[in-house]
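Reader: Here is the model I wanted to go through with you. Please take my questions as they come, and spell out the cut-offs where they matter.

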Amino acid sequence: AHHIAPYQPSGFANIITEPVIAKLCPDFGLEWVPAKNWWTELMPNAFKYCFMTPTIDMDGVGFIRQHFHPQVLTATFAMVAKGLFGNISPK
C-alpha cells in the first residue's frame, strides 16, 4: 500500500489504507493480490539471500560476527523502528 499512497508516516498506515486500495483496484482494472505470509513465503527467501550471503568487505569474518555485532544490531533496530514508527523527530 505504501507504493500507491506514498508519504505515509509509518508502517501501520499500510494496515489502514490496504482495505481502501483493495476496494479501488477493480475500478482501475487492477487485480488485488493479498499479502504473502511472512513465515511460509517470504522468510525462507530472506534467510537464504540476506542471512546466508557474505557481507561485502567482510570475507573471512564469521557468521556470528557479521550478523550479531553490536553496531550491526543497533543499525538494524534503528531501521525497524523507522519502518514501524516513521521518522520521528522533534519539530
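Reader: Where is Asn 45 found, and is it buried or exposed?

Author: Asn 45 is found in helix α2, where helices (H or I, at least four residues) and strands (E, at least two) are DSSP runs numbered from the N terminus. With a relative accessible area of 44%, Asn 45 counts as partly exposed, because that class lies between buried, under 20%, and exposed, over 50%, with a 1.4 Å probe and protein chains only. This is a predicted model, so local features need pLDDT of at least 70 and side-chain atom pairs count only at pLDDT 80 or more, while totals for chains, interfaces and linings use all residues. Residues are numbered from 1 along each chain as its sequence is written, and side-chain values use heavy atoms, leaving out hydrogens and water.

Reader: How far apart in space are Asn 45 and His 3?

Author: Their C-alpha atoms are 22 Å apart, and in sequence Asn 45 and His 3 are 42 residues apart.

Reader: Back to the helix itself: how far apart are the end C-alpha atoms of α2?

Author: They are only 15 Å apart, although α2 covers residues 38-51, that is 14 residues, and a straight helix would reach 20 Å at 1.5 Å a residue. The expected span is 1.5 Å times one less than the number of residues.

Reader: And what about α4, on that test?

Author: The 16 residues of α4 should span 22 Å, and its end C-alpha atoms are 22 Å apart, which agrees. Just after α4, Gly 86 takes a positive phi of about 80°.

Reader: Which residue caps the N-terminal end of α2?

Author: Asn 37 does, with a side-chain oxygen 2.8 Å from the backbone nitrogen of Trp 39. The polar contact rule asks for N or O atoms within 3.5 Å, one able to donate a hydrogen and the other to accept it within protein, and residues adjacent in sequence count only if both atoms are side-chain atoms.

Reader: New topic, the rings. How many aromatic pairs are there in the whole structure?

Author: A search of the whole structure finds two aromatic pairs. Phe 12 and Phe 85 form a tilted pair, 6.3 Å centre to centre with 50° between the planes. That pair links distant parts of the chain, 73 residues apart, with Phe 12 in the segment before α1 (13-24) and Phe 85 in helix α4 (residues 70-85). Trp 38 and Trp 39 have ring centres 6.4 Å apart and planes at 70°, so they are edge-to-face. The rule takes rings of Phe, Tyr and Trp (its six-membered ring) with centres within 6.5 Å, and calls planes under 30 degrees apart stacked, over 60 edge-to-face and the rest tilted.

Reader: How accessible are Trp 38 and Trp 39?

Author: Trp 38 is partly exposed at 42% relative accessible area, whereas Trp 39 is exposed at 61%.

Reader: And Phe 12 and Phe 85, what are their values?

Author: Phe 12 has 43% relative accessibility and counts as partly exposed, and Phe 85, at 48%, is partly exposed too.

Reader: Which residues form the nonpolar patch on the surface?

Author: Phe 12, Ile 15, Ile 16, Val 80, Leu 84 and Phe 85 form it, with about 610 Å² of accessible area together. The areas come from the Shrake-Rupley method with a 1.4 Å probe, and for residues only the protein chains shown count as cover. Patch residues have over 30% relative accessible area and no salt bridge, with like charges joined within 9 Å and nonpolar side chains (Val, Leu, Ile, Met, Phe, Trp, Tyr) within 5 Å; a salt bridge is a side-chain nitrogen of Lys or Arg within 4 Å of a carboxyl oxygen of Asp or Glu.

Reader: Which helix gives the largest share of the patch?

Author: The largest share, three residues, comes from α4, and both α1 and α4 supply at least two residues each. Ile 15 lies in helix α1 and is exposed at 58% relative accessibility.
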